[in-house]
Amino acid sequence: MNKGYVYLVGAGPGDPGLITVKGLNCIRQADVLVYDRLAGQRLLAYARPDAELIYVGKSPERHAMRQEEINRLLVDKAKEGKLVTRLKGGDPFVFGRGGEEAELLVENGIPFEVVPGITSAVAVPAYAGIPVTHRGYTSTLAIITGNEDPHKEDSGIAWDKIATGAGTLVFLMGMGNLPGICQKLIEFGRSPATPVALIRWGTRPEQRTVTGTLENIYHKAMAANFKNPAVIVVGEVVQLREKLSWFENRPLFGKRIIVTRSREQASALSAAIEALGGEAWEFPTIQIEPPDDFTVLDNAITDVRSYRWVIFTSVNGVKMFFDRMRVNKKDIRDLSDVRLCAIGPRTREELEKRGLLVDFVPGEYRAEEIVEGLKSKILPGDRVLLPRADIARQLLPRALAELGAVVHEVTAYRTVLGSGDAAAIRQALAAGEVNVVTFTSSSTVKNFVKLIGEEGLPQLMEKVVVASIGPITSQTARELGMSVDIEAGEYTINGLVQAITDYFAGRESA
């Protein structure tokens, strides 16, 4: 049997966006993914569906597996010929015990590679607005384990040198020893007035920061019930937090928001949420598939010159329509005498990317508004082609027919049940880890309920804010037993994000 291979990968401090490109590739390729407590859970979604996921997390209270067992596990899996990715919070070689794992791999002749990660010692202070070095404050930095008892006789930390030997001191996982750390630093010459910051769950929506001095930080931590995982920063650079804090000041900071759009479309909404400081969890409740049979769509495309109007109701409809035009050896010249209508700016942009000008975009992006706007444009007998989803509402074709149009509705794509990890989302809802669930269509609402399950849904959603892109989607949510807290004024992704932002801004100012 071929020998396996092991990647020792640093996952970064928690924000999944801080994984390196190489680290992400290692996750995607792995036969076996061995991960710890501080490796971001969202990174697991990048693993292959058939990959074996093994949790080996350790916390001060409990270890899922002892370090010696983890080392052995890596060897054993590699000897099975597996490609193993060991995913560790932060960097594998900065208090990650990656060196011990690598030693045993060498001893057993297992080939391995180290993929460095962004260490929490630097990233977490940065997310709290604290540069660990700064020309006006200090040019020296020391990173120290916080796990070692400061009072033990055979300490591996030279407190007499560390206390004043570096301008900034960063202690990792030291909350349990905070009083002793402060006492030792003062005892060996650091001023009791030295600024200190404690940063818990840094780079994540749960990030919290407490500041004080060596003299009073322990009492402040006790009052705030501060616990691990936390980074302790000691030094004058802590004073810069008030001026440079950026992550915690963004409008959606601390909000974990579920995006239920299809995987292909989720990125735009996720990016908008994360640009405002929120954390987007993609849970695709719908999936876009081609029609079971292209015959009807292909026939309409072949005969496209016979239509007076083509009305596109979504980006998906545009993409599928033009994909089939290529298949049928057609191009935009066949649309020279056809007038185009697009529901919404994104659908219009998708058409304009193909060199087409849109004749009509309604002020509101729903069927009722389209019909109102087309009353003076569509003449009795005009042939109208409507390429769209298989489960679209019938209001639009009926209303167009009432105007005298000859409407040809064809299925351009199918909307089917998505493949999101329902168990993980249900667990997150039950644990109170979700702040907002977004719905961008009635389909996303219906499939969310199908995937999560109706049992206990009211309780799961009790403290969750429901955000809808428009009245039709809101109506569906209410029919399925949900309260809608936010409804976009403009029925677009930007409108939805703005409505969410306004909602939380209003709550904070109230």
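A residue counts as buried here when its relative accessible area is under 20%, exposed when it is over 50%, and partly exposed in between (1.4 Å probe, protein chains only). Show the whole protein to start: of its 510 residues, 51% are buried by that rule. What you have open is a predicted model, where local features need pLDDT of at least 70, side-chain atom pairs count only at pLDDT 80 or more, and totals for chains, interfaces and linings use all residues. Numbering runs from 1 along each chain as its sequence is written, and side-chain values use heavy atoms, leaving out hydrogens and water.

**Stop 1: the cartoon.** Switch to ribbons and you have 19 helices and 20 strands; these are DSSP runs (helices H or I, at least four residues; strands E, at least two), numbered from the N terminus.

**Stop 2: a five-stranded sheet.** Select β6, β7, β10, β8 and β9, which lie in that order in an open sheet with mixed pairing. Two strands pair if DSSP finds at least two bridges between them. Colour β6 (141-145) and β9 (208-213) separately: they are the edges, each with a single partner, so one side of each has no neighbour in the sheet. Now zoom in on β8 (residues 195-200), which runs antiparallel to β9 and is joined to it by six bridges. Leu-198 sits opposite Val-210 of β9. Add helix α4 (residues 120-127), which packs on the sheet and touches β6, β7, β8 and β10; a contact means heavy atoms within 4.5 Å.

**Stop 3: the largest nonpolar core.** Such a core is a set of buried Ala, Val, Leu, Ile, Met, Phe, Trp, Tyr and Cys residues joined through side-chain atoms within 4.5 Å. Pick out Phe-312, Phe-321, Phe-322 and Leu-351, which touch the most other members among its 25 residues. Helix α11 (315-327) is one of the elements that supply at least two residues, and α11 gives the most, with five. Click on Phe-321 and look around: its contacts include Leu-297, Ile-301, Phe-312 and Leu-385.

**Stop 4: salt bridges.** There are 32 in the structure, each a side-chain nitrogen of Lys or Arg within 4 Å of a carboxyl oxygen of Asp or Glu. Select Asp-292 and Arg-414, whose closest N and O atoms are 3.4 Å apart. They are 122 residues apart, with Arg-414 in strand β17. Asp-292 is exposed, at 71% relative accessible area. For a bridge inside one helix, go to Asp-323 and Arg-326, at 2.5 Å; being three residues apart in α11, they are separated by about one helical turn.

Conventions. Axes fitted to C-alpha atoms, helices over the stretch in contact; angles between N-to-C directions. Lists of a residue's contacts leave out its neighbours within four places in sequence.
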